[in-house]
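Me: I have a model to go through with you. I want the reasoning behind each label, not just the label.

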Amino acid sequence: GSRMLFDGFLKVYSSKGDADDRYIPELAEGEALDVVREEGEQNFTQPPARYTEASLVRTLEEKGIGRPSTYAPTVTIIIKRRYVKRDKKQLVPTDLGFTVNDLMEEYFADIVDAGFTSEMEEKLDDVEVKGTDWKQIIRDFYGPFSEELENADANIEKVVIEDEPTGELCELCGRPMVIKHGRYGKFIACSGYPECKNKKNIVVKTGVKCPSCGGDIIERRGRSGRIFYGCSNYPECRQVYWDKPVNRTCPVCGALLVEKNTKTVRYACSNKECRYREKQEQ
């Protein structure tokens, strides 16, 4: 709270102040006070926000890594190689991304350091601007790097991502079904491969029924890697939501509500023509 010591311009300019302002009365040292109310609050430390494409590019700019022409390809590559995946606007590291990062930090610590990339780009700029001998720059870099490369080649073991059991049995041969990692992400397959080639996509249900046909609304992934939500009866039913729907309907128009989870909005109506919103709880 606060207590005004000098009114200043407020002597001629009246202001009611903010509704949340708390006035502290004048108190004397040693004055006895009565306890009116005790309140306890539990707060948890929040982790740093995950990178979005925009915040990642901004960080690269701040650290002097890359050039405007390399920012978009950088983001595309880490998604294409499945080091990260898009979750709405956020870039979420995958198991493969964590594994590759750990190996790079162990065997190529100086190269994956942000300062290395920035410094190397400055040296290459000097080749163009100051006429610095580029061959010497490459020699200085490749000598230590070749040693690290040989060490890594000799000591890094082949990384195998273990299959995850699903608890289901194959309908064709009775062997356990497992979750495998493929080129386009995770899928379910028979552990008896290649003798049994039974496989199917992983279906992530939202628990919400399609308002058009009664099918399950499930999680889907587009060609760009973006997650959206659609009816399990596709292509007969083409009901689609870009935000995760919940088992609640809009009190204004009756359409399903979807999660927004922005700083101000918790839920919103999926009907674009309806402006119904529910604010976050404070």
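The questions below take up cysteines, exposure, strands, backbone geometry and the core of this predicted model.

Me: How many disulfides are there in the whole structure?
Reply: Zero, by a search of the whole structure.

Me: Why is Cys170 not in a disulfide with Cys196, its closest cysteine by sulfur?
Reply: The two sulfurs are 3.7 Å apart. A disulfide needs them within 2.5 Å. So the distance is too far for a bond.

Me: And why is Cys190 not bonded to Cys173?
Reply: Here the sulfur of Cys190 is 3.4 Å from that of Cys173, its closest cysteine sulfur. The cut-off is 2.5 Å, so this pair is too far for a bond.

Me: Why are Cys170 and Cys190 called buried?
Reply: Buried means under 20% relative accessible area. Cys170 has 5%, so it counts as buried. Cys190 has 0%, so the label holds there too.

Me: What makes Tyr13 exposed?
Reply: Its relative accessible area is 51%. Exposed means over 50%, so Tyr13 is exposed. Tyr13 lies in the segment before helix H1 (53–62).

Me: Which residues make the nonpolar surface patch that includes Tyr13?
Reply: Met4, Phe9, Leu10, Val12 and Tyr13 make it, with an area of about 580 Å². Patch members need over 30% relative accessible area, and Tyr13 has 51%.

Me: Why is Arg82 called partly exposed?
Reply: Arg82 has 27% relative accessibility. Buried is under 20% and exposed is over 50%. The value for Arg82 falls in between, so partly exposed is the label.

Me: What is notable in the phi of Arg82?
Reply: Phi is near 60 degrees, a positive value in a residue other than glycine. Arg82 sits in the loop between helix H2 (68–80) and strand S1 (84–87).

Me: Where are the cis peptide bonds at Pro194 and Pro235?
Reply: One joins Tyr193 and Pro194, with omega of about 10 degrees. Pro194 is in the loop between strand S5 (185–190) and strand S6 (199–200). Another joins Tyr234 and Pro235, also with omega of about 10 degrees. Pro235 is in the loop between S9 and S10.

Me: How do you know that S11 and S12 pair?
Reply: Pairing takes at least two bridges. Strand S11 (residues 245–249) and strand S12 (residues 256–259) are joined by two bridges, so they pair, and they run antiparallel. Pro245 has Val258 of S12 as its bridge partner. S11 and S12 form a hairpin with six residues between them. In the turn, Gly254 has a positive phi of about 90 degrees.

Me: What makes S8 and S9 a pair?
Reply: Five bridges join strand S8 (residues 216–221) to strand S9 (residues 227–231), against the at least two required, so they pair. The two strands run antiparallel. Arg220 has Phe228 of S9 as its bridge partner.

Me: What is the strand order of the open sheet, and why are S7 and S10 called edge strands?
Reply: The order is S7-S8-S9-S10, with antiparallel pairing. Strand S7 (205–209) and strand S10 (240–241) each pair on one side only. That is what makes them edges.

Me: Which residues are in the largest nonpolar core?
Reply: It has 10 residues, among them Val208, Ile217, Tyr241 and Leu256. S9 and S12 each supply at least two residues. S9 gives the most, with three.

Technical notes. Residues numbered from 1 in each chain as written. Predicted model: local features only at pLDDT ≥ 70, side-chain atom pairs only at ≥ 80, totals over all residues. Heavy atoms only, no water. Buried < 20%, exposed > 50% of the residue type's maximum accessible area, 1.4 Å probe, protein only. Patch = residues over 30% accessible without salt bridge, like charges linked within 9 Å, V, L, I, M, F, W, Y side chains within 5 Å. Areas by Shrake-Rupley, 256 points an atom, 1.4 Å probe, with all protein chains shown as cover. Salt bridge = Lys/Arg side-chain N within 4 Å of Asp/Glu carboxyl O. Helix = DSSP H or I, 4+ residues; strand = E, 2+ residues; numbered from the N terminus. Core = buried A, V, L, I, M, F, W, Y, C linked by side-chain atoms within 4.5 Å.
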